[in-house]
Amino acid sequence: MKKVLTIAGSDSGGGAGIQADIKTFQELGVFGMSAITAVTAQNTLGVHGIHPVPPSFVEEQMDAIATDLSPDAVKTGMLVDREMISIVAASIEQRGWRRVVVDPVMVAKGGASLLHEGAVDALIHELIPLSYVITPNLPEAEKMTGIKIHTMEDQKKAAKIIHTMGADNVIIKGGHLQDSASDLVTDLLYDGEHFHTFTSRRFHTRHTHGTGCTYSAAITAQIAKGHTVHEAVSLAKTFISSAIEHTLELGDGHGPTNHQAFREFSKQLK
Ligand code: PXL
């Protein structure tokens, strides 16, 4: 069985972070492992508290995994601050891990900051050069590039800039694009040579907490299983669309997506 490591924060509410990643890995048939960077106290109404794990202990978790359970692919999520990014990046580099999917998590759905403002530089200079795939949403891509993104042309411009920062494959997610005259969401993949687009239906629901985590975890799992980035994104898009469509309606706020939906739904199709 392929082994996949997520280096990310814990969401006590179970919809995002480590919990979303591990559920997604399990659903997609890979063995999920974790190095936890922070513990959050949160539910669907918001983040009530954040308790970072000392970076040296994040490194210890990564060392324990590296020396016994070498991962076939790695993803990063919430990385808290500059010091955490530096230690995680150095540890990834030292281990020679190459299939690294970076989800540049910055802000939670309710607005809580999951990455210190001053850490974007470290993300750009230390982690992006090690990334095989990076999956920013529009606000994250704007923060990283300094440009405003309103159209697909802007998405392309941002993808090229992030590629020059050192990411092999850049996926700019279109979910936040306000141009929703069409009820579609288009994600853009730039592999350094070609642009590819992936389009799905837009579901009008508030239950989208953990969408980014789940999508990037699904991409990571498919890469671990040997899929190309293009195949992995296409498969992950189907997985996340199903998880958003078949909502669970849990909690009074921004509820989680349904990680079981893809499995349940494809069973019905058989
Ligand atoms: O979706 C981003 C995210 C990542 N990681 C953790 C989170 C969240 C959003 O709330 O809580 C731990």
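How much of the accessible surface of the protein chain belongs to carbon and sulfur atoms? In this predicted model, the accessible surface comes to about 11,900 Å², and 52% of that area belongs to carbon and sulfur atoms. With the outside introduced, the overall build of the chain comes next.

The protein chain holds nine helices and nine strands. Its C-alpha trace spans about 45 × 35 × 35 Å along the principal axes. For a chain of 270 residues, a compact globule would have a radius of gyration near 18 Å, and the 17 Å found for this chain agrees with that expectation. Of the 270 residues, 52% count as buried. The contacts tell a story about sequence distance as well: among those between residues at least 6 apart in sequence, 68% join residues at least 24 apart. As for charge, the chain carries 23 positive and 30 negative side chains, and the centres of these two sets lie 5 Å apart.

Attention can now turn to the interior. In soluble globular proteins, nonpolar side chains tend to be buried together. Here the largest nonpolar core has 50 residues, and Ile7, Ile92 and Ile162 touch the most other members. A second, separate core of 26 residues includes Val4, Phe25, Val30 and Val233. Returning to Ile92, its contacts beyond four places in sequence are Ile7, Met62, Thr76, Trp97, Val100, Leu127 and Leu130.

Which residues does Thr6 touch, not counting those up to four places away in sequence? The answer is Ile18, Asp21, Phe25, Met33, Ser34, Ala35 and Lys75. Thr6 lies in strand β1, which covers residues 3-11. Its relative accessible area is 0%, so Thr6 is buried. The C-alpha atom of Thr6 is separated by 15 Å from that of Gly29, and the two residues are 23 apart along the chain.

Helix α5, made of residues 138-145, offers a pair of residues to look at, beginning with Thr145. Thr145 is buried, because its relative accessible area is 16% and the cut-off for buried is under 20%. Leaving out residues up to four places away in sequence, Thr145 touches Ala158, Ile161 and Ile162. Ile162 was met above as one of the residues that touch the most other members of the largest nonpolar core. Thr145 and Val100 are 45 residues apart along the chain, and their C-alpha atoms are separated by 21 Å. Glu142 lies in helix α5 too. With a relative accessibility of 19%, Glu142 also counts as buried, since the limit is under 20%. Outside its neighbours within four places in sequence, Glu142 is in contact with Ile147, Lys148 and Ile149.

Two further helices are linked by a contact between Thr211 and Ile244. Thr211 sits in helix α7, residues 211-224, while Ile244 is found in helix α8, residues 229-245. Is each of these residues buried or exposed? Thr211 is buried, with a relative accessible area of 17%, and Ile244 counts as buried at 14% relative accessibility. Apart from neighbours within four places in sequence, Thr211 is in contact with Lys109, Ile240, Ile244 and Thr257. On the same basis, Ile244 is in contact with Phe203, Thr205, Thr208, Thr211 and Thr257. Thr257 therefore appears in the contacts of Thr211 as well as those of Ile244. Ile244 and Phe25 are 219 residues apart in sequence, with 17 Å between their C-alpha atoms.

The loops hold two residues with a notable backbone angle. Val80 is not a glycine, yet its phi is positive, at about 70°. Val80 is placed in the loop between β4 (73-76) and α3 (82-95). At 7% relative accessibility, Val80 counts as buried. Glu249 also has a positive phi, of about 55°, although it is not a glycine. This residue lies in the loop between α8 and α9 (261-269). In contrast to Val80, which is buried, Glu249 is exposed, with a relative accessible area of 53%.

Notes:
Residues are numbered from 1 along each chain as its sequence is written. This is a predicted model: local features need pLDDT of at least 70, side-chain atom pairs count only at pLDDT 80 or more; totals for chains, interfaces and linings use all residues. Side-chain values use heavy atoms; hydrogens and water are left out. Helices (H or I, at least four residues) and strands (E, at least two) are DSSP runs, numbered from the N terminus. Buried means under 20% relative accessible area, exposed over 50%, partly exposed in between (1.4 Å probe, protein chains only). Contact means heavy atoms within 4.5 Å. The radius of gyration is taken over C-alpha atoms; the globule rule is 2.2 Å times the number of residues to the power 0.38. Accessible areas come from the Shrake-Rupley method with a 1.4 Å probe; for residues, only the protein chains shown count as cover. Lys and Arg count as positive and Asp and Glu as negative; His and the chain ends are not counted. The place of a charge is taken as NZ of Lys, CZ of Arg, CG of Asp or CD of Glu. A nonpolar core is a set of buried Ala, Val, Leu, Ile, Met, Phe, Trp, Tyr and Cys residues joined through side-chain atoms within 4.5 Å.
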